[in-house]
Amino acid sequence: MEKSTASKHAASQPPYLRIIDLTKKFGPFTALDRVSLEIFDGEFVCFLGPSGCGKTTLLRAIAGLDVQTYGRIEQSGEDVSALPPTERDFGIVFQSYALFPNMTVSKNIAYGLENRKNSKKEIKQRVAELLELVGLPDQAQKYPAQLSGGQQQRIALARALATSPGLLLLDEPLSALDAKVRVHLRHEVRALQERLGVTTVMVTHDQEEALTMADRIVVMNDGVIEQVGTPLEVYREPATIFVADFIGTMNFMPGVIDRAHTVTVGGQNLRCKADGMSAGEKVTVAVRPEDIIVHEAGGDEENVFEVTISEVEFLGSFVRADLVADQFAENRMRADFSINLIRRLNIEQGANISVAIPAERIRVYPEMQ
């Protein structure tokens, strides 16, 4: 998906949302630990991490629903740290939709506008616009119970956008939907956000959701930010072992730095990028399964070695193979090979093949504890 220009020009403009040393404690438990972050106008940013990592607490602090213990939140240059939710400029969509069951779709969307004392004519026009925007122009007089989960979530989104907020907050908005609807709706939500240009922060534990929707991803763990980057950056260049392990599939193997840009794994020397590490230092070597490639005659000779395919798992468009090699001892690797390659080379369980790992695809971290 083509990303919006918001993140491309981030460095040339002041941040729309600035979070400074935000800390949230629940008794002795620290849910957020001195979190600092800048989000720019028009960006779609995902807070990604496992349950309990602090991502929802951070979203609720931005909304004023969970007041921080200390720290500062600025929105559009204004300090909103102490403002109640009603005085902050945001719309919010929850996982549970939170629609009023006794109100029609039209009344649900109009709720915020009525509280602002907009005229009936203005409200009617705005509700019609929003129903058209979310693709449900004929559902105005229905009640939430008469709608599917996907339709209810669209109405919740329309209600959040009704007052034209500067900031849209999405708290796992798609996780209650079945897989097929979720995939369809995430593309719709992203397209809608790009069309409106509204700065959006979404909480999710679904890495695929974050990778397909976000301009930037904020990966969180134990109340701190592990990495902030574009989807490509956090996938291709994970800053920590946690990020490497949490996003996608990764092979981890113990190694030792042999010399500049060379690491030894078992009995195999591999060229790699290992800046700032010294010879003899114990490290963890990480390689993604898709970065292990079958070496064919005439190819680059760097980081080539022989392996035996001990197991294969058919996964539709590709095959995941378990690789063993004498020089790697007990360290097994998983590799993902396209189904076309498997057919062309007649690769099967028990086969001996040559594989290569491009040096630029190997990540090296301090030794995993």
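## The five-stranded sheet

In this predicted model, V265 sits opposite Q268 of β13. That match-up belongs to the pairing of strand β12 (residues 262-265) with β13, which is antiparallel and runs over four bridges.

Zoom out and you find an open sheet of five strands, ordered β13-β12-β11-β14-β20, with antiparallel pairing. The edges are β13 (268-271) and β20; each has a single partner strand, so one side of each has no neighbour in the sheet. On average, and ignoring direction, neighbouring strands here are turned by 45° against each other.

## The six-stranded sheet

There's also an open sheet built from six strands, in the order β6-β7-β8-β3-β9-β10, and its pairing is mixed. At the edges you'll see β6 and β10 (224-229), each pairing on one side only. From one strand to the next, the twist averages 15°.

For a concrete spot to look at, try the β6 edge. Strand β7 (residues 167-171) is joined to β6 by four bridges, and the two run parallel. Within this region, I92 stands opposite L169 in β7.

## The largest pocket

Strand β6 also turns up in the lining of the largest pocket: the elements giving two or more residues to that lining are β6 (91-94), α2 (105-115) and α4 (149-161). The volume of this pocket is about 630 Å³. It has 20 lining residues, and the closest to the centre are F90, G91, Y111, G112 and T163.

What is the make-up of the lining by class? For the largest pocket, it comes to 11 nonpolar, five polar and four charged residues.

## The second largest pocket

The second largest pocket has a volume of about 320 Å³. Its lining counts 19 residues, with R236, E237, E360, I362 and R363 nearest the centre. Elements that supply two or more residues to this lining are α7 (231-236), β14 (282-287) and β20 (363-366). The largest share, three residues, comes from β20, which is also an edge strand of the five-stranded sheet.

As for chemistry, this lining has 10 nonpolar residues, nine charged ones and no polar ones.

## Aromatic pairs

How many aromatic pairs does a search of the whole structure find? There are two. One of them joins F100 and Y111: the ring centres are 4.8 Å apart and the planes sit at 50°, so this pair is tilted. F100 is in the loop between β6 and α2 while Y111 is in helix α2, so the pair ties together parts 11 residues apart in sequence. Both rings belong to residues with some exposure: F100 is partly exposed at 28% relative accessible area, and Y111 is partly exposed at 33%. Y111 is also one of the residues closest to the centre of the largest pocket.

The other pair is F242 with F246. Here the ring centres are 5.6 Å apart and the planes are at 10°, so the pair is stacked. Both residues lie in helix α8 (residues 241-246), four residues apart, which is about one turn of the helix. Are these two buried or partly exposed? F242 is partly exposed, with a relative accessible area of 21%, whereas F246 counts as buried at 19%. The two fall on either side of the cut-off, because buried means under 20% relative accessible area.

Conventions:
Residues are numbered from 1 along each chain as its sequence is written. This is a predicted model: local features need pLDDT of at least 70, side-chain atom pairs count only at pLDDT 80 or more; totals for chains, interfaces and linings use all residues. Side-chain values use heavy atoms; hydrogens and water are left out. On a 1 Å grid over the protein atoms alone, a cavity is a set of points where a 1.4 Å probe fits but cannot get out, and a pocket is an open set with protein on both sides within 12 Å along at least five of seven lines; lining residues have an atom within 4 Å of a point. Grid points are joined across faces, edges and corners, and a volume is the space filled by probe spheres set on the points. Ala, Val, Leu, Ile, Met, Phe, Trp, Tyr, Cys and Pro count as nonpolar, Asp, Glu, Lys and Arg as charged, and the others, Gly among them, as polar. Two strands pair if DSSP finds at least two bridges between them. Axes are lines fitted to C-alpha atoms, for helices over the stretch in contact, and angles run from 0 to 180 degrees between N-to-C directions. Rings of Phe, Tyr and Trp (its six-membered ring) pair if their centres lie within 6.5 Å; planes under 30 degrees apart count as stacked, over 60 as edge-to-face and the rest as tilted. Buried means under 20% relative accessible area, exposed over 50%, partly exposed in between (1.4 Å probe, protein chains only).
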